[in-house]
Amino acid sequence: MTNPQHPQQPWPTQPPAPHYPHPPKKRRVWPWVLGGFFLCILVLFGGCTLLIGSAANEVAKQEEKRTIAEPLGTEVRDGKFAFQVTKVDPPVATVGTNEYLKKEAQGEYVLVYVDITNSADKPQTYLGDNQKLVDDQGRLYSHDTAAAYNVIQDVVTEINPGNKISAVLAFDVPKGTVPAAVEFHDSAFSGGVRVAIK
């Protein structure tokens with residue numbers, strides 16, 4: 001039976017569930033971080049390889065330039081100095097005439113006469129000890145400052161811009177050594193340049 005005063009109502013139903021969008025899928029970050037790290041390493045390694053390769057190429061060019069000897073009498077330049085060999089004496093056993101200062105060679109002395117010009121715009125110090133003798137087998141010999149001092153006073157001297165000095169280099173080499181070139185250096189750290197002396 002129905003009650004006329006209360007109209008019949010449908011059974012209450014649950015309201016529909018709200019519709020929420022699905023959360024976006026989380027992307028994994030670690031592959032990107034790892035990839036970025038390896039990319040940085042690759043770029044760093046590539047840059048270092050390029051830098052080292054370029055430096056090695058430059059060193060090879062300098063070494064090739066240094067080992068090619070210019071003809072005797074040619075003026076050559078290394079750094080701020082120009083060098084020109086003017087004469088090479090035959091080997092001698094002793095250097096100097098002063099009985100107390102003369103120097104006996106372990107083998108024999110090769111004396112090389114050279115003109116040095118300062119091409120810089122300020123004074124430069126010339127040091128005979130920076131110069132080397134090269135024999136026909138490619139061996140290097142150092143300058144004997146004490147022996148050279150018996151021949152000339154300018155084994156260490158400051159040269160003003162544009163000025164030129166004449167110096168003598170003394171190299172103590174084994175008897176029978178065949179001198180091939182002199183390697184001139186502006187300083188102990190310069191690349192050097194060679195002049196043939198045979």
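In this predicted model, R77 has A82 of β3 as its bridge partner. The strands concerned are β2, residues 76-78, and β3, which pair in the antiparallel sense over three bridges. Two residues separate the strands of this hairpin, and G79 takes a positive phi near 65 degrees there. R77 also takes part in a salt bridge: its partner is E75, and the closest N and O atoms of the two lie 3.6 Å apart. R77 counts as partly exposed because its relative accessibility is 49%, which falls between the limits of 20% and 50%. E75, at 43% relative accessibility, counts as partly exposed as well.

From the hairpin the path continues along β3, which pairs with β5 in the antiparallel sense over seven bridges. Within this pairing, K87 stands opposite Y113 in β5.

Strands β3 (81-88) and β5 (103-118) each supply at least two residues of the largest nonpolar core, and so do β10 (164-173), β11 (179-184) and β12 (193-196). This core has 22 residues, and those with the most contacts inside it are F83, V112, I116, Y126, L133, L169 and F184. The largest share, five residues, comes from β10. Apart from this core lies another, of 10 residues, which includes V95, Y113, V168 and A170. Y113, the residue opposite K87, is thus listed in the core of 10 residues.

L133 offers a view of the surroundings of one core member. Leaving aside its neighbours within four places in sequence, L133 is in contact with V110, R139, L140, Y141, F171, V173, P179, A181, V182 and I197. The strand β7 covers residues 132-135 and is joined to β8 by three bridges, the two running antiparallel. In this pairing V134 has L140 of β8 as its bridge partner, and L140 is also among the contacts of L133.

Strands β7 and β8 belong to an open sheet of five strands, ordered β1-β12-β11-β7-β8, with mixed pairing. Its edges are β1 (69-70) and β8 (140-142), each of which pairs on one side only.

The charged pairs give a further view of the fold. Side chains of opposite charge can pair when their charged atoms come close. A search of the whole structure finds five salt bridges, among them the pair of R77 and E75 already described. Another joins the side chains of D144 and K103, with an N to O distance of 3.0 Å. This pair links distant parts of the chain, 41 residues apart: D144 lies in the loop between β8 and α2 (145-149), and K103 in strand β5. D144 counts as buried because its relative accessibility, 13%, is under the 20% limit, whereas K103, at 27%, counts as partly exposed.

The salt bridge between E183 and R194 brings the account back to the open sheet. The closest N and O atoms of this pair are 2.7 Å apart. E183 is in strand β11 and R194 in strand β12, so that the pair links parts of the chain 11 residues apart. Strands β12 and β11 are next to each other in the order of the sheet. Which residues of this pair are buried, and which are exposed? E183 is buried, with a relative accessible area of 4%, and R194, at 11% relative accessibility, counts as buried too.

Conventions: Residues numbered from 1 in each chain as written. Predicted model: local features only at pLDDT ≥ 70, side-chain atom pairs only at ≥ 80, totals over all residues. Heavy atoms only, no water. Core = buried A, V, L, I, M, F, W, Y, C linked by side-chain atoms within 4.5 Å. Buried < 20%, exposed > 50% of the residue type's maximum accessible area, 1.4 Å probe, protein only. Helix = DSSP H or I, 4+ residues; strand = E, 2+ residues; numbered from the N terminus. Contact = heavy atoms within 4.5 Å. Pairing = 2+ DSSP bridges. Salt bridge = Lys/Arg side-chain N within 4 Å of Asp/Glu carboxyl O.
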